[in-house]
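Walk through this model from its overall make-up down to one helix pair. Keep the sequence and the 3D view side by side as you read.

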Amino acid sequence: TTDFSQVPVGAVAEFSLAGMADASSPPEEPFFYLVIILVSLVITGSCNAIFAKWQDMTSSQGPDGNNSNFVGFGIQTLCMAIGMSMNFPCWIVSHRAKRRQQLLADEERQVLLARDPAPAEEPVVENRPAKPSRWNILLTGATDFAGSTMLFAAFYLTSASVVTMMQGATPIFTSIFSRIFLKEKLERKDVVAMILATMGYGIVGAASILYRHDIQSAHPILGVVLVFLAQLAMAVQMVLEQKL
């Protein structure tokens, strides 16, 4: 048994309140929010593919009286970049708030150490976020712009269904690059999932090349190559973003 007579009353009350708070607080439901995010990604991704292909199928009459198809890979990417750049101010505010919180935590730790110094063999390590490199930000934006442009070009050169299905190669390349450059550990289930995804990716790519004459598009083979390169660029972008 424990002799609570030797325990400070404040500590007992704090422990009791903490237990009551944990008991009364509702359980978190991360799976529910994960399902919402996944469904939202599927809907927005499908709409993005349909609208991109729809733009490529539109045409307008020029000054010479001839109809010309819409070909604007750079314009599509630029419009997407403008929309995504609106998240940058939010990232700046979030990064500065996090940095300020960690600075305040370091100051509180310094005050506590001044009252009760730590042993000499335990060096004080300040946990401050590293300032993101400008080159890292520029390379992230460049790879995003290049990958998106190649992806929009692939929508024009091949069918939207082929492009959408082959976008599943991004997690494969990201996992490989993160293992090489970020030294992240891959579990056995991750490797199995990568193998199955690679098989599906190869089947879709091979079918679009072998039956390219059945696809009503400009150049299905070049479209498949551009999708492949776009997924490589996006995987590099995600690895660079991990270091921001």
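The account below starts with the fold as a whole and ends with a packing contact.

This is a predicted model. The protein chain holds 9 helices and 2 strands. Read from the N terminus, the order of elements is α-α-β-β-α-α-α-α-α-α-α. Two helices thus come before the strands, and the rest of the run is helical.

Next, burial and surface. The protein chain has 244 residues, and 23% of them count as buried. The exposed area of the protein chain is about 17,800 Å². Carbon and sulfur atoms supply 66% of that area.

Now the contacts along the chain. Take those in the protein chain between residues at least 6 apart in sequence. Of these, 73% join residues at least 24 apart.

Finally, turn to the C-terminal end of the element order. Helix 8 spans residues 188-210, and helix 9 spans residues 220-242. Their axes come within 8 Å of each other. How do the two helices run relative to each other? The axes cross at roughly 155 degrees. Angles over 145 degrees count as roughly antiparallel, so helix 8 is roughly antiparallel to helix 9. The crossing of the pair is left-handed.

Which residues make the contact? Helix 8 contributes Tyr201, Gly205, Ser208 and Ile209. Helix 9 contributes Pro220, Ile221, Val224 and Phe228. By class, the residues of this contact comprise 6 nonpolar and 2 polar, with no charged residue. Gly counts as polar here, so Gly205 of helix 8 falls in the polar group.

Definitions and conventions. Residues numbered from 1 in each chain as written. Predicted model: local features only at pLDDT ≥ 70, side-chain atom pairs only at ≥ 80, totals over all residues. Heavy atoms only, no water. Helix = DSSP H or I, 4+ residues; strand = E, 2+ residues; numbered from the N terminus. Buried < 20%, exposed > 50% of the residue type's maximum accessible area, 1.4 Å probe, protein only. Contact = heavy atoms within 4.5 Å. Areas by Shrake-Rupley, 256 points an atom, 1.4 Å probe, with all protein chains shown as cover. Axes fitted to C-alpha atoms, helices over the stretch in contact; angles between N-to-C directions. Parallel < 35°, antiparallel > 145°, perpendicular 65-115°, else oblique. Left-handed = near helix turned anticlockwise from the far one by under 90°.
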